[in-house]
Amino acid sequence: MVQGLMKQVREIAQDHQAHRVTCIRLSIGPFSGVVLDSFSFAFEVLKRDDELFSQSRLVIKTPAPVLKCPHCGHEVEVQGVVEGEMELFGTFSRAKCPSCDMYGLAPFGGDDILLLQVEME
Amino acid sequence: MCEKCGCQTGMGTKPKVIDVNKSLFEANEKIGEQNRHHVERMGAVAINMISSPGAGKTTLLEATADALKDSVTFGVIEGDIETEKDAQRIRAKGIPAVQLTTGGACHLDASLVHHGIHELEHIVPGGRLDIIFIENVGNLVCPAAFYLGEHKRIVMVSVPEGSDKPAKYPRAFIGSDLFVISKADLLPYFDFSVEEAISEARRLNPSIDVLIISPKSGQGMDKWLDYLSGILK
């Protein structure tokens, strides 16, 4: 995944004749299955031997998980969850829908990883 | 840029800020769409099979080969980290099979499968098939994130693995069309709660179909074959 990211950013840097990438901004969805620590660690290891990335910072935004009620379509944003969202999800899914009082809230979206912005010199 | 105050002096080069807003999966998904069209040109539907190692994907395909040999033409793309073993098992049943070895990667991606489809097309007489099964690398985590161009995605859990797997590996269930509980002949010997497995899977994905099968005892195999003929209609 990180190698794929670096490949994509390298192409952007080449298009803009940049010789150094200073910052990469990403949004990692709570249901993407990505472990943030592992992702950042992989980047730190891979960037060491790479001139283009050796001084790059990774800034990761993690949107709140959204659950959707399959009965009435109501969407609930789950606040205050930073890490381990997927584990906690089991608990949330047993909660009642605040709109129609039925059980069975299911994850909605949040499974993507977006490259938002690249800063380079 | 000057790191202390942000003024644009110092190195003499201005930093460029490029807004991208692209999914990291985008490149894979584009190739996946091409795969889907390629499969359709061959007259086939593609089925991506995801499970842990040893859940019984290959065994199910062997049993499917025995049952459908004379009525449905199918081919198999096998994904493994190493060896041709699974492809050899399928070929022994008279079914064309291509082995993809990822050389370490824990999942198939659309680009690898693209090569697999070409290879399969090459070895099938006339290049036409009804179904292409893509047996993913045994792993319930990463394969779930990579669209391969499949028309249907199947997630399989075998009885010895335990009925907590849907709750523990949600993404594989969120993205699948069918949940197969395999090795059902072992249900009397394990504390596997069919009810827990199904209710957890449906909690994650209310529209997921469920089949309980055992290629060994034959249980549920009629329903599995019905499911396949339903896809072909």
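**Exercise 1.** In this predicted model, determine how closely the axes of helix 1 and helix 4 of chain B approach and at what angle they cross, and then decide whether the two helices are roughly parallel or roughly perpendicular to each other.

*Solution.* Begin with the axes: those of helix 1 (residues 26-41) of chain B and helix 4 (residues 110-123) of chain B come within 8 Å and cross at roughly 20°. Next, compare this angle with the cut-off, under which angles under 35 degrees count as roughly parallel. Helix 1 of chain B and helix 4 of chain B are therefore roughly parallel to each other, and their crossing is left-handed.

**Exercise 2.** Find which residues of helix 1 of chain B meet helix 4 of chain B, and sort the residues of the contact by class.

*Solution.* On the side of helix 1 of chain B, the residues are N28(B), I31(B), G32(B), Q34(B), N35(B), H38(B) and V39(B). Their partners in helix 4 of chain B are A110(B), S111(B), V113(B), H114(B) and I117(B). Sorted by class, the contact between these two helices has five nonpolar and seven polar residues, with no charged residues.

**Exercise 3.** Describe how helix 1 and helix 2 of chain A cross, and state which residues make the contact.

*Solution.* The axes of helix 1 (residues 2-15) of chain A and helix 2 (residues 36-47) of chain A come within 9 Å, crossing at roughly 55°, which makes helix 1 of chain A oblique to helix 2 of chain A. The crossing of these two helices is right-handed. Helix 1 of chain A contributes V2(A), Q3(A) and M6(A) to the contact, while helix 2 of chain A contributes F39(A), A42(A), F43(A) and L46(A). By class, the residues of this contact are six nonpolar, one polar and no charged.

**Exercise 4.** Work out what span helix 2 of chain B reaches and which of its residues are buried.

*Solution.* Helix 2 (residues 57-68) of chain B has twelve residues, and from its first C-alpha to its last it reaches 16 Å, close to the 16 Å expected at 1.5 Å a residue. The buried residues of this helix are K57(B), T58(B), L60(B), L61(B), A63(B), T64(B) and A65(B).

**Exercise 5.** Place these helices within chain B as a whole by giving its secondary structure, its extent and its share of buried residues.

*Solution.* The secondary structure of chain B comes to eight helices and eight strands, and its C-alpha trace spans about 75 × 45 × 35 Å along its principal axes. Of the 233 residues of chain B, 46% count as buried. Finally, among the contacts in chain B with a separation of 6 or more, 73% are accounted for by residues 24 or more positions apart.

Key: Residues numbered from 1 in each chain as written. Chains lettered and ligands numbered in written order. Predicted model: local features only at pLDDT ≥ 70, side-chain atom pairs only at ≥ 80, totals over all residues. Helix = DSSP H or I, 4+ residues; strand = E, 2+ residues; numbered from the N terminus. Expected span 1.5 Å × (residues − 1). Buried ≥ 20, exposed ≤ 12 C-beta atoms within 10 Å, placed from the backbone. Contact = placed C-beta atoms within 7 Å. Axes fitted to C-alpha atoms, helices over the stretch in contact; angles between N-to-C directions. Parallel < 35°, antiparallel > 145°, perpendicular 65-115°, else oblique. Left-handed = near helix turned anticlockwise from the far one by under 90°. Nonpolar A, V, L, I, M, F, W, Y, C, P; charged D, E, K, R; others polar.
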